[in-house]
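Open the structure in your viewer and keep the sequence panel visible. Each stop below says what to select and what is there.

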Amino acid sequence: MIGNAIAAFIGHKIDASDGEGGTLGAVAGVAAWKIAKNVVPAVLVFGAIAYGVHRFANSESAI
């Protein structure tokens with residue numbers, strides 16, 4: 001909940017920098033935060049798996 005509030009605040013400040021309202025920026029900030037909470041850990045896991053496969057495939061002791 002705190003993360004959503006912080007994301008909304010940051011998005012609002014970025015969107016309000018042009019002198020108009022910042023509601024759309026707040027919504028975009030919260031949406032980006034919710035997506036990032038799910039996508040970033042998945043990318044890290046898949047990246048680690050890909051690195052392991054690459055490392056194993058290029059090792060000299062591989063079967």
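Select Ile-10, which lies in helix 1. The model is predicted. Is Ile-10 buried, partly exposed or exposed? Its relative accessibility is 46%, and a residue counts as partly exposed between the 20% limit for buried and the 50% limit for exposed. Ile-10 is therefore partly exposed.

Keep Ile-10 selected and add Ile-2, Ile-6, Phe-9 and Ile-14. What do these five residues form on the surface? Together with Ile-10, the added residues make a nonpolar patch. The accessible area of the patch is about 550 Å² in total.

Now reduce the selection to Ile-2, one of the patch residues. Ile-2 is also found in helix 1. Its relative accessibility is 62%; because the cut-off for exposed is over 50%, Ile-2 counts as exposed. Add Ala-36 and draw a distance between the two C-alpha atoms. The viewer should give 15 Å, for residues that are 34 positions apart along the chain.

Move on to Gly-3, which is part of helix 1, the stretch covering residues 2-15. Gly-3 has a relative accessible area of 21%. Buried means under 20%, so Gly-3 is partly exposed. For a second distance, pick the C-alpha atoms of Gly-3 and Ala-57. These atoms are separated by 40 Å, and the two residues are 54 apart along the chain.

Next, display helix 1 together with helix 2, which spans residues 23-57. How do the two helices cross? Their axes come within 7 Å and cross at roughly 135°. Angles over 145 degrees would count as roughly antiparallel and those from 65 to 115 as roughly perpendicular, so helix 1 is oblique to helix 2. Turn the view to look at the handedness: helix 1 passes helix 2 in a right-handed crossing.

For the last stop, select Ala-31 in helix 2. Ala-31 has a relative accessible area of 34%, which means it is partly exposed. Add Gly-11 and draw the C-alpha to C-alpha distance from Ala-31. How far apart are Ala-31 and Gly-11 in space? The separation is 9.9 Å, while in sequence Ala-31 and Gly-11 are 20 residues apart.

How values were computed:
Residues numbered from 1 in each chain as written. Predicted model: local features only at pLDDT ≥ 70, side-chain atom pairs only at ≥ 80, totals over all residues. Heavy atoms only, no water. Helix = DSSP H or I, 4+ residues; strand = E, 2+ residues; numbered from the N terminus. Buried < 20%, exposed > 50% of the residue type's maximum accessible area, 1.4 Å probe, protein only. Patch = residues over 30% accessible without salt bridge, like charges linked within 9 Å, V, L, I, M, F, W, Y side chains within 5 Å. Areas by Shrake-Rupley, 256 points an atom, 1.4 Å probe, with all protein chains shown as cover. Salt bridge = Lys/Arg side-chain N within 4 Å of Asp/Glu carboxyl O. Axes fitted to C-alpha atoms, helices over the stretch in contact; angles between N-to-C directions. Parallel < 35°, antiparallel > 145°, perpendicular 65-115°, else oblique. Left-handed = near helix turned anticlockwise from the far one by under 90°.
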